[in-house]
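I opened this entry to look up the overall build of one chain and the packing of one pair of helices.

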Amino acid sequence: MPNSRRKPRVIVTRELSDAVMDRMAELFDTQLNRDDIAMSRDELIAAVADADVLVPTVTDAIDEDLIEAAGDRLKLIANFGNGVDHIDLKAARARGILVTNTPGVLTDDTADMTMALILSVPRRLAEGEKLARSGEWRGWSPGAMLGHRIGGKTLGIVGMGRIGQAVAARARAFGLTIHYHNRHRLPDPLEAELGATWHDDLDEMLSGSDFVTIHTPHTDQTEHVIDARRLALLKPEAYLINTSRGTAIDEAALIDALEGGRLAGAGLDVFEHEPAIDPRLLALSNVVLLPHMGSATYEARIATGERVISNIQHWADGHRPPDQVLEGWL
């Protein structure tokens with residue numbers, strides 16, 4: 001714990017909301033990044049050498065070499081966000097550095113964005129919006145801009161944590177039948193509430209789904225969980241949605257399936273090599289592309305910052321942070 005006679009030195013790698021940054025500046029000896037330009041490797045090395053607490057985001061690679069470069073002063077990595085796949089948890093534990101995240105605060109916003117994509121892709125909303133702006137629209141006709149309804153279709157959810165469950169609740173209201181694959185089956189009362197059917201076999205669920213949405217963290221087990229073989233299991237009229245991590249899908253295989261007409265469409269908020277987006281995806285009209293904005297609401301950003309502050313304050317006061325990432329989190 002820090003010396004009680006001084007405020008802990010907190011270095012924040014990206015610009016956060018004004019209210020959060022102002023509060024951090026009041027409570028801690030805080031170095032902020034108001035330019036919001038991602039720190040270089042050298043800047044991150046300098047930060048971990050100078051900080052009691054580092055507040056990184058998903059854009060920062062906090063790997064073993066960086067953690068080894070930290071001075072003895074660094075004792076807490078208070079991540080701004082739920083996912084911690086950009087942090088080497090094993091290296092942090094070896095150095096006695098606590099890691100915290102901000103679970104739960106992004107659930108509803110990400111679930112809302114997932115439903116927006118589930119609606120947008122089959123109803124061709126992105127194509128329609130472009131047509132309306134183009135000046136080339138000639139008015140309504142019975143055969144124009146036809147898409148597919150979602151009511152009565154089957155939704156397969158890969159990963160049934162907080163966000164997966166929130167998506168299930170929303171999707172059920174739209175008349176979708178809910179199926180899911182998860183490492184652990186949900187309790188019977190929760191399954192009944194969501195109207196969800198569990199599949200131990202992911203391949204089986206995929207082959208019967210009209211829509212598939214992914215809600216898994218990035219781990220060795222979930223990287224390319226949707227690969228060429230599993231894409232081939234999907235119906236040609238199926239749609240694939242991803243608002244989790246771009247690495248969950250073999251993007252090259254997905255593009256091949258879309259270009260070959262073996263998949264009806266996709267809605268992607270994340271990409272395997274973001275911020276780079278494969279030009280072949282940009283050329284496809286049956287794909288809705290978003291710039292990793294699933295959790296981008298004012299409310300979510302403020303709530304995330306407040307959780308970061310709470311974790312730092314608990315640690316500074318000599319208590320265990322409420323959102324400490326423990327062994328086996330993934």
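My notes run from the whole chain to the helix pair.

I am reading a predicted model, in which local features need pLDDT of at least 70, side-chain atom pairs count only at pLDDT 80 or more, and totals for chains, interfaces and linings use all residues. Residues are numbered from 1 along each chain as its sequence is written, and side-chain values use heavy atoms, with hydrogens and water left out.

**Whole chain.** I found 13 helices and twelve strands; these are DSSP runs, numbered from the N terminus, with helices (H or I) of at least four residues and strands (E) of at least two. The C-alpha trace spans about 75 × 50 × 30 Å along its principal axes. The radius of gyration is 22 Å, which agrees with the value near 20 Å for a compact globule of 330 residues. That radius is taken over C-alpha atoms, and the globule rule is 2.2 Å times the number of residues to the power 0.38. I noted 46% of the 330 residues as buried (under 20% relative accessible area, 1.4 Å probe, protein chains only).

**Helix pair.** I looked up α5 (residues 107-120) and α7 (residues 162-173), which pack at an angle of about 50° with axes 9 Å apart. Axes are lines fitted to C-alpha atoms over the stretch in contact, and angles run from 0 to 180 degrees between N-to-C directions. That angle makes α5 oblique to α7, since angles under 35 degrees count as roughly parallel, over 145 as roughly antiparallel, 65 to 115 as roughly perpendicular and the rest as oblique.

**Contact.** Among the residues that meet (heavy atoms within 4.5 Å) are Thr107 and Met115 in α5 and Arg162 and Ala171 in α7.

Notes:
Buried means under 20% relative accessible area, exposed over 50%, partly exposed in between (1.4 Å probe, protein chains only).
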